[in-house]
Amino acid sequence: MAVLPATQREVRLLAKPTGLPRPEHFGVVETPVVPPGEGEVLVRNLFFHVFATLRILIAGATQDTPFPVLTAGDTLVGAAIGEVVEAPADSGFGPGDLVSHWLGWREYALVPVAECTLLDRTVLPDPVAHLQQGWTAYAALTRGVELRSGDTVFVSAGGSGIGSMAGLIARQLGAERVIASTGSREKAERLRTELGYDDVVVRGEGPLAEQLTKAAPDGIDVYFDNVGGEQLRAAVDAARPGARFVLIGALSGQLAPDGTGTTAPVELDSLPLIHKRIEMRGFSSDDYDDRDEWTERFGAWLRAGEITFPHVRVRGIENAPRTLLEVIEGRHIGAVVVEL
């Protein structure tokens with residue numbers, strides 16, 4: 001039996017913010033490490049995912065999401081990868097097993113057996129790659145809009161954790177031209193050079209509709225929407241007849257500095273939707289249970305050098321609160337993970 005440390009660290013929400021959270025709303029605290037009880041597995045976390053949707057959980061809005069409301073004093077949550085330290089004999093887990101669960105933001109986690117998933121160490125070349133959000137992007141592009149060879153694809157927030165994978169996957173599935181949006185010229189250049197986007201439109205650098213028309217003069221066939229708002233409206237303007245839109249997120253509302261992040265209003269002209277026969281679909285990969293198809297395909301692409309996993313690693317739980325604020329501000333490209 002492993003010798004456990006007396007304490008471990010975790011990140012807690014100290015106070016509910018009004019508007020966007022700030023450093024003083026978070027704290028890193030020490031708590032005792034205790035053995036697992038009946039029906040629990042003790043996991044030493046290796047990595048956890050830092051995701052912008054925490055913004056709406058902190059705001060207290062979880063309607064139609066699988067996540068819990070976070071109140072003052074709660075430990076933050078998020079996808080994590082770790083190794084089992086102790087587990088009941090009848091749990092199906094043993095010391096050293098690699099597992100995934102949703103109790104990140106802490107160094108050790110007591111995870112209910114039913115909420116712990118055993119991972120195959122051989123299917124992906126690096127354990128951290130299990131924290132990619134490629135399944136969401138892959139399912140949206142294969143089930144949501146059924147991307148076709150030769151399509152022109154526009155990915156809003158193309159440098160985000162989901163968006164960066166969507167751009168890469170679209171290319172693998174046969175897209176002829178892939179365009180992204182982002183928030184700065186510096187990030188736009190990185191998206192071109194590091195992720196291979198054909199063109200990038202930049203918020204605040206002129207009307208988005210005009211930029212998108214220039215980037216896709218023949219129009220777009222597929223819109224992968226992480227943002228909503230003005231970008232959704234620009235995509236309608238740029239759509240070819242029969243274009244397919246898949247709506248994944250609404251960052252325009254979630255990250256608004258003057259609201260709760262719970263709404264994302266946009267005004268659309270319905271006539272182009274009708275005249276162009278645009279298909280628009282809200283989508284969640286949670287509606288599908290064939291994630292293994294994606295994991296095996298992703299692993300094969302990685303080993304063949306045909307795709308990458310864009311991500312940023314931040315070392316140490318003490319840096320996690322700052323990293324969350326940077327994610328909300330859109331400073332990074334790809335998934336952002338804390339390495340413990």
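This passage walks through a six-stranded sheet, the helices beside it and three loop residues in a predicted model.

A good place to begin is the sheet itself. Strands of a sheet pair through backbone hydrogen bonds, in either the parallel or the antiparallel sense. Here the pairing is parallel, and the six strands form an open sheet in the order S10-S9-S8-S11-S12-S13. Strand S10 (199–202) and S13 are the edge strands, each pairing on one side only. On average, neighbouring strands of this sheet are turned by 15° against each other, direction ignored.

Within this arrangement, strand S11 (residues 220–225) is mostly covered, with six of its six residues buried. Three bridges link S11 in the parallel sense to strand S8 (residues 152–155), and Phe 154 stands opposite Tyr 223 of S11. S11 also runs parallel to strand S12 (residues 239–247), to which five bridges join it; in this pairing, Phe 224 has Val 246 of S12 as its bridge partner. Between S11 and S12 the chain passes through helix H6 (residues 229–238), making a right-handed β-α-β crossover. Further along the sheet, S12 pairs with S13 in the parallel sense over four bridges, and Arg 244 is matched with Glu 279 in S13.

Two helices can be placed against these strands. H6 packs on the sheet, where it touches S8, S9, S11, S12 and S13, and its direction makes about 155° with that of S12. Helix H5 (residues 208–215) lies across S8, strand S9 (177–182) and S10, running at about 170° to S10.

The loops hold some details that are worth a look in the viewer. Most residues other than glycine have a negative phi. Trp 105 is not a glycine, yet has a positive phi of about 65°. This residue is found in the loop between strand S5 (98–101) and strand S6 (108–112). Trp 105 counts as buried because its relative accessible area is 0%, where the cut-off is under 20%. Arg 277, also not a glycine, has a positive phi of about 55° and is found in the loop between helix H8 (270–275) and strand S13 (279–282). With a relative accessibility of 60%, Arg 277 is exposed.

A third loop residue, His 130, is found between strand S7 (117–118) and helix H2 (134–144). His 130 is buried, at 18% relative accessibility. Leaving aside residues up to four places away in sequence, His 130 touches Ile 81, Leu 98, Leu 119, Asp 120, Val 123 and Leu 124.

Key: Residues are numbered from 1 along each chain as its sequence is written. This is a predicted model: local features need pLDDT of at least 70, side-chain atom pairs count only at pLDDT 80 or more; totals for chains, interfaces and linings use all residues. Side-chain values use heavy atoms; hydrogens and water are left out. Buried means under 20% relative accessible area, exposed over 50%, partly exposed in between (1.4 Å probe, protein chains only). Two strands pair if DSSP finds at least two bridges between them. A crossover is right-handed if, with the strands pointing away from the viewer, the path from the first strand over the helix to the second runs clockwise. Contact means heavy atoms within 4.5 Å. Axes are lines fitted to C-alpha atoms, for helices over the stretch in contact, and angles run from 0 to 180 degrees between N-to-C directions.
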